[in-house]
Structure formats: structure tokens, C-alpha cells
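Please look over the chain shown below, with attention to its overall build, its cysteines and its pockets. A short report on these topics comes after it.

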Amino acid sequence: MIANVTRMRSFFILGFPGLSSDYYGPVSALLFFIYLVVAIGNMFILAFVINEKSLQKPTYLVFCHLALNDLAFGTVTLPKIISKYWFGDGVISFHGCFTQMFFVHYLGSVHSFILLVMALDRFIAICVPLRYTSLITNNITFMLCGFAWFIPLPLMIAVVLHVLTLHFCKANLIAQCYCDHISLTSQACGEEVRIVAVTSLCVAMFCLLLPLAFILFSYISIIVVILKMSNTAGRKKTLSTCTPQIFITCLFYLPRCFVYVASTVGFSFSLDIRILLILVYSLLPATVNPVIYCFKTQDIKRTLIKRLKKTRVGFQVKLPS
């Protein structure tokens with residue numbers, strides 16, 4: 001199947017082509033700081049929920065899967081671009097580039113399906129509350145999240161193998177901060193490129209738009225149920241239980257929709273701005289989600305404050321009088 005592949009030894013990550021070398025140091029430091037925030041924030045959420053028995057509920061187990069996905073995405077994408085600007089190492093091997101492309105699109109697809117599971121959890125909790133405890137258990141949540149991790153796997157393997165059939169005849173420059181499908185196929189030539197592009201677009205639409213359709217249906221149904229409530233206090237309390245999920249979903253989908261709509265209506269970006277926008281909408285959820293978990297989710301916020309108070313009291317007791 002991959003007999004026609006042209007064996008380039010490596011690709012070169014361009015990053016931001018218009019960036020002056022004077023700013024390589026600050027940019028690499030900023031990207032390293034972002035990676036630390038992503039790594040520490042998401043590892044904290046994982047450790048906190050795993051160690052806190054009271055938080056081991058379906059809603060927070062979904063948060064754990066999302067945190068694991070965000071941590072993996074940051075680890076796949078950031079180290080190489082940091083290395084380019086910090087050490088001048090922008091070269092990535094042929095197979096390394098395809099491996100990075102696979103994980104970039106696989107983890108993005110998994111993220112979308114986990115958001116679907118998150119929406120399903122809130123839909124049943126608010127629209128069918130009497131059946132929530134029987135329909136959504138920890139085991140069922142693990143199974144649903146397992147499907148979210150598994151469904152995109154064969155699809156993304158097929159996409160990568162399809163791209164590998166292309167004849168790479170152009171420059172080996174990746175006009176992006178990491179290897180992705182568009183940047184790789186732009187280096188290929190031949191009639192197969194269009195077929196690969198259309199096939200990959202269909203896979204992308206399945207992995208992004210199918211979950212989005214159910215997510216929109218879920219949250220619209222939830223809003224309708226909330227608006228029908230006569231009790232104002234109950235309405236606010238119910239809305240607060242799905243506010244973090246709505247924020248997290250908007251962070252993932254809205255920037256992508258903005259870039260797509262802007263391109264569709266003919267609003268063009270410079271190469272550097274386009275690369276920056278893609279980097280921002282790729283990493284913003286991974287950076288901000290742990291903050292949303294801690295400050296917009298009442299159970300996590302309450303448990304965290306309780307732990308901090310216990311730690312402070314314990315510290316004061318140990319101090320010599």
C-alpha cells in the first residue's frame with residue numbers, strides 16, 4: 001500500500017517564518033511556560049480526582065479523561081517547537097513527522113468525542129434526572145470514554161497510511177509549529193493528493209461534526225429545560241452544574257469555527273497569523289481547562305479549599321509555640 005512513498009529523510013519545522021531571530025529566546029521561553037502550565041495543571045487535576053474519593057463520580061472522571069488528552073496533546077506538539085527556538089533544532093525525521101501528525105489529529109478527535117460524553121452526562125442529569133444514577137455510573141462512564149479513545153484510532157491510522165501513499169516531490173518545509181495533515185500533503189504532488197484530501201476531510205467531518213451535532217442538541221435541550229423551571233434559585237443552580245462543560249466545549253469549537261468561517265467568506269490571514277491562530281486554538285483548551293475545573297466546578301472548588309485549609313491548620317499546629 002505504501003510502495004509509492006518518496007523517502008525524504010526529514011522535514012523542517014518552520015514555526016513562525018516572519019519571526020526575527022532576536023525573539024527566538026522569548027518565544028521559546030513563552031512556549032516552555034505554556035507547556036509547564038499545561039503539564040502541571042492537567043497532572044494536578046488527574047492526581048487530585050484520583051486521590052479524592054468524593055470526586056470519583058462520572059462527571060469528574062470525564063474531566064480526568066479530558067485532562068489526560070490535553071496533557072498528551074501538549075506533550076506531542078510543544079517540545080519540538082520549543083527545541084526549534086531554544087536550540088535551533090527544527091528538523092524532524094520523516095517517520096517522526098508522520099507520528100506527530102497521527103497523534104495531533106487522533107487526540108483532537110478523541111477530545112471531540114469526550115466532549116460528546118460530557119454533554120451526554122449533563123443531558124441525562126438535567127433532562128432525565130430520575131434515571132441519572134442508573135444510566136450514568138462510573139463503569140458506564142469508563143466504557144463511554146473508552147469508546148471515545150477507540151473510535152478515532154482506526155480512522156486516523158487509515159488517514160496516515162493514505163498520506164504515506166503520496167509522492168513527496170516539493171520542499172520538505174512544514175509551514176506550521178507541528179506536523180499536521182495539511183502541511184504534509186502540501187509537500188506532495190500527483191492526482192492522489194486530491195483523493196487523500198477529500199477522504200481526510202470526510203473523516204474530519206465525522207470526528208468533529210457528528211459529536212458537535214449531539215453536543216448542540218444536548219445543550220439546547222438543557223437550556224429549554226432550565227428556562228421552563230419556575231424557581232429562579234433552582235434555575236441558577238441547575239445552570240451552574242453545566243457551566244464548566246459549556247465553557248470547555250466553546251473553547252474547543254468556537255475558535256475552529258471562527259477560522260473556518262473567516263476563510264470561507266474570503267477573509268485571509270498572513271501565514272504567521274494563521275499559524276498563530278492554529279497554535280492558540282490547539283493549546284488554549286489544554287491551558288485553560290484546569291482553571292475551569294477548579295474555579296467553575298463547585299465540588300472540586302469546595303474540596304480544594306477544604307484541603308488547603310487542612311494543610312494550613314496542620315502547618316500552624318506544627319509550628320513551635
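The report below goes from the whole chain to its disulfides, its largest pocket and one buried serine.

## Basis and overall build

This is a predicted model, in which local features need pLDDT of at least 70 and side-chain atom pairs count only at pLDDT 80 or more, whereas totals for chains, interfaces and linings use all residues. Residues are numbered from 1 along each chain as its sequence is written, and side-chain values use heavy atoms, with hydrogens and water left out.

The chain holds twelve helices and five strands, taken as DSSP runs numbered from the N terminus (helices H or I, at least four residues; strands E, at least two). Its C-alpha trace spans about 65 × 55 × 35 Å along the principal axes. Of the 321 residues, 44% are buried, where buried means under 20% relative accessible area, exposed over 50% and partly exposed in between (1.4 Å probe, protein chains only).

## Disulfides

Counting pairs of cysteine sulfur atoms within 2.5 Å, the chain has two disulfides, and their pattern is 1-3, 2-4 when bonded cysteines are counted along the chain. One disulfide joins C97 to C179, with an S to S distance of 1.9 Å, and this link is left-handed, at -110° about the S-S bond. Because C97 lies in helix 3 and C179 in the loop between strand 4 (173-174) and helix 7, the pair ties together parts that are 82 residues apart in sequence. Both C97 and C179 are buried.

The other disulfide joins C169 to C189, at 1.8 Å from S to S. C169 is in the loop between strand 3 (167-168) and strand 4, and C189 in strand 5 (residues 188-189), so this pair ties together parts 20 residues apart in sequence. C169 is partly exposed at 38% relative accessibility, and C189 is partly exposed at 26%.

## Largest pocket

A pocket here is an open set of points on a 1 Å grid over the protein atoms alone, where a 1.4 Å probe fits, with protein on both sides within 12 Å along at least five of seven lines; lining residues have an atom within 4 Å of a point. The largest pocket encloses about 1400 Å³. Among its 41 lining residues, I182, A204, M205, L208 and Y281 are the closest to the centre. Helix 8 gives the largest share of the lining, ten residues.

## A buried serine

S109 is placed in helix 3 (residues 94-127) and counts as buried because its relative accessibility is 5%. Apart from neighbours within four places in sequence, S109 is in contact with P152, M156 and C207, contact meaning heavy atoms within 4.5 Å.

Terms used. Points joined across faces, edges and corners; volume = space filled by probe spheres on them.
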